[in-house]
Amino acid sequence: MTKVYKLNFKGKEIIATNDGLDTLQLLVSGSMEDYPPQLSMSASGDYSDRENPTEEKIWIIEDLEPGDSFEFSYLKSGVATEPVQAHKIDPFVEQCFFCGKSKDDVEVLIEGKEILTSYICNECVEKCVDVIKEEREKKKNT
Ligand SMILES: [Zn+2]
């Protein structure tokens, strides 16, 4: 069933409709100190049918800063805003989920084993290794 929502965030007003997709998700992610928490809103359908995958819509992926607030409400009707995206994530395209680069843009793209269609590229892995090293150094010194 199609539902329409309104999100006010950092002076942006986003009107989103799930277009009949199964799930509309408003997600505030907490994360490690080197990565800011993010606000995202997306709608998705059933991915189990790989022949006829349902479109995923992402309206917003924004880094959150202390003091940020947002307002979320359900509307009876409205016209949807075009999705606002940090970078396009297509679940059926082989691309890094961290930086958005495709298989052709990087040396190696590693596919996740547990979660279907999840990928990370060599560049992001190298960054992760640096972050892990830094975190280990910090722990040693405390
Ligand atoms: Zn990457």
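This dialogue walks through a predicted model, feature by feature.

Student: Where is the confidence of the protein lowest, and where is it highest?

Tutor: Where pLDDT is low, the predicted coordinates should not be read in detail. In this protein the mean pLDDT is 79, and 80% of the residues reach 70 or more. Confidence is lowest in β5, at a mean of 80, and highest in α1, at 93.

Student: Now the sheets. What is the order of the strands in the open sheet that contains β1?

Tutor: Strands of a sheet pair through backbone hydrogen bonds, either parallel or antiparallel. Here three strands form an open sheet in the order β2-β1-β6, and the pairing is antiparallel. The edge strands are β2 (12–17) and β6, each of which pairs on one side only. On average, neighbouring strands of this sheet are turned by 20° against each other, direction ignored.

Student: How many bridges join β1 to β2, and how many join β1 to β6?

Tutor: Six bridges join β1 to β2, and six join β1 to β6. Single pairs can be located too: K6 stands opposite I15 in β2, while F9 has F70 in β6 as its bridge partner.

Student: How many residues of β6 are buried?

Tutor: The count is zero among the six residues of β6, and the strand is hardly covered.

Student: Which strands stand at the edges of the sheet with β3, β4 and β5, and why is one side of each left without a neighbour?

Tutor: This is also an open sheet of three strands, in the order β3-β4-β5 with antiparallel pairing. β3 (23–29) and β5 are at its edges; each has a single partner strand, so one side of each has no neighbour in the sheet. Neighbouring strands are turned by 10° against each other on average, direction ignored. Between β3 and β4 (residues 38–44) there are seven bridges in the antiparallel sense. One pair to look for is L26 with its bridge partner M41 in β4.

Student: Which residues is M41 in contact with beyond its sequence neighbours?

Tutor: Leaving aside neighbours within four places in sequence, M41 is in contact with L7, A16, Q25, L26, W59 and I60. M41 also belongs to the largest nonpolar core, whose six residues are Y5, L7, A16, M41, W59 and I60. The elements that give two or more residues to this core are β1 (4–9) and β5 (57–63).

Student: And the helix: how many of the residues of α1 are buried?

Tutor: The number is zero out of 19, so α1 lies largely in the open. The helix covers residues 122–140 and reaches 27 Å from its first C-alpha to its last, close to the 27 Å expected at 1.5 Å a residue.

Student: One loop residue to finish. Where does V106 lie, and why is V106 called partly exposed?

Tutor: V106 is in the loop between β6 (70–75) and β7 (109–111). A residue counts as buried with 20 or more other C-beta atoms within 10 Å, and as exposed with 12 or fewer. V106 has 19 within that distance, so it is partly exposed.

Student: Which residues does V106 touch, apart from those up to four places away in sequence?

Tutor: V106 touches C96, K101, C121, N122 and E123. C96 is ten residues from V106 along the chain, and their C-alpha atoms are separated by 9.2 Å.

Notes:
Residues numbered from 1 in each chain as written. Predicted model: local features only at pLDDT ≥ 70, side-chain atom pairs only at ≥ 80, totals over all residues. Helix = DSSP H or I, 4+ residues; strand = E, 2+ residues; numbered from the N terminus. Contact = placed C-beta atoms within 7 Å. Core = buried A, V, L, I, M, F, W, Y, C linked by C-beta atoms within 7 Å. Pairing = 2+ DSSP bridges. Axes fitted to C-alpha atoms, helices over the stretch in contact; angles between N-to-C directions. Expected span 1.5 Å × (residues − 1). pLDDT = per-residue confidence, 0-100.
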